[in-house]
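Please open the model in your viewer and keep the sequence at hand. The stops below each begin with a selection and then describe what is found there.

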Amino acid sequence: MDYDAYQEQKEKQFEARCRRCGLCCGAADDPCEHLTPVGDGRYFCPIYSHRFGPRRTRGGRIFNCVPVREILQRDWPGNWQCAYKENPVNEIIKSAAIKEEAAWKTRSF
Ligand code: SF4
Ligand code: SF4
């Protein structure tokens, strides 16, 4: 696999983790005017391929739509449900569990 194909595959894997909850687009408070519900609690963005740049919320606030990677350090209403925010925590827990298991296996009585 060449580098471009590898990058594309990684990007698709990253995107696939999104739950489409719309919370990073304001679903829980003042949503972006483009945020569109699909009826099962999930949302889509009809301008996704060219979404970046100045956008407006339904309440009239102007903000910049940016890649989700750029806002992961910020808080927004419901952000704890974001699939990308929970992973670092999961990784820490997983790594702690692996260390604990290793310590258990090498314990001496
Ligand atoms: S333009 Fe950006 S903020 Fe608005 S719905 Fe699309 S992805 Fe979300
Ligand atoms: S908050 Fe996270 S999981 Fe929900 S739509 Fe935004 S990026 Fe996807």
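In which loop is R20 found? R20 lies in the loop between α1 (3-16) and β1 (36-37). The model on display is a predicted one. Select R20 and inspect its backbone: the phi angle is positive, at about 60°, although the residue is not a glycine. R20 has 15 other C-beta atoms within 10 Å and therefore counts as partly exposed, since burial would require 20 or more.

**The whole chain**

Zoom out and colour by secondary structure. The chain contains two helices and four strands, and its elements follow the order α-β-β-β-β-α from the N terminus. Of the 109 residues in the chain, 8% are buried. Among the contacts that join residues at least 6 apart in sequence, 39% link residues at least 24 apart.

**Helix α1**

Select α1 next and display its end C-alpha atoms. Their separation is 20 Å, which agrees with the 20 Å that 14 residues should span at 1.5 Å a residue. This helix is hardly covered, for the number of buried residues among its 14 is zero.

**The loop after α1**

Return to the loop between α1 and β1 and select R19, which is also placed there. R19 is partly exposed, because 13 C-beta neighbours lie inside 10 Å, above the limit of 12 or fewer for an exposed residue. Add Y43 to the selection: the C-alpha atoms of R19 and Y43 are separated by 9.0 Å, with the two positions 24 residues apart along the chain.

**Around ligand 2**

Now select ligand 2 and show its surroundings. From the earlier part of the sequence come C18, R19, R20, C21, G22, L23 and C24, together with V68, C82, A83 and Y84. This shell divides into eight nonpolar residues, one polar residue and two charged residues.

Take A83 from this shell; A83 belongs to helix α2 (residues 83-105). What does A83 contact, leaving aside neighbours within four places in sequence? The partners are R17, C18 and R19. Measure also from A83 to R20: these residues are 63 apart along the chain, and their C-alpha atoms are separated by 9.3 Å. A83 has 13 other C-beta atoms within 10 Å and so is partly exposed.

**Further into α2**

Move to K85, likewise placed in helix α2. Is K85 buried or partly exposed? With 18 other C-beta atoms within 10 Å, K85 falls short of the 20 needed for burial and is therefore partly exposed. Its contacts, again leaving aside neighbours within four places in sequence, are L72, N79 and W80. K85 and R69 are 16 residues apart in sequence, and the C-alpha to C-alpha distance between them is 9.9 Å.

**The nonpolar core**

Select L23, C24, C25, A27, C32 and Y43 together. These six residues constitute the largest nonpolar core. Two of its members, L23 and C24, have already appeared around ligand 2. Keep C24 highlighted and show its contacts: not counting residues up to four places away in sequence, C24 touches V68, I71, W76 and C82.

**Around ligand 1**

From the core, continue to ligand 1, whose shell includes the core members C25 and C32. The other surrounding residues are H34, L35, C45, I47, R51, R55 and C65. By class, the shell divides into six nonpolar residues, one polar residue and two charged residues.

**The β3–β4 hairpin**

Finally, select residues 53-56 and 62-65. Which sense of pairing do strands β3 and β4 adopt? They pair in the antiparallel sense, over four bridges. R55, already encountered around ligand 1, has F63 of β4 as its bridge partner. The two strands form a hairpin with five residues between them. Within the turn, select G60, where phi is positive at about 100°. When inspecting the strands, recall that in a regular strand the side chains alternate between the two faces of the sheet.

Note on methods
Residues numbered from 1 in each chain as written. Chains lettered and ligands numbered in written order. Predicted model: local features only at pLDDT ≥ 70, side-chain atom pairs only at ≥ 80, totals over all residues. Near = placed C-beta within 6 Å. Nonpolar A, V, L, I, M, F, W, Y, C, P; charged D, E, K, R; others polar. Pairing = 2+ DSSP bridges. Expected span 1.5 Å × (residues − 1). Core = buried A, V, L, I, M, F, W, Y, C linked by C-beta atoms within 7 Å. Contact = placed C-beta atoms within 7 Å.
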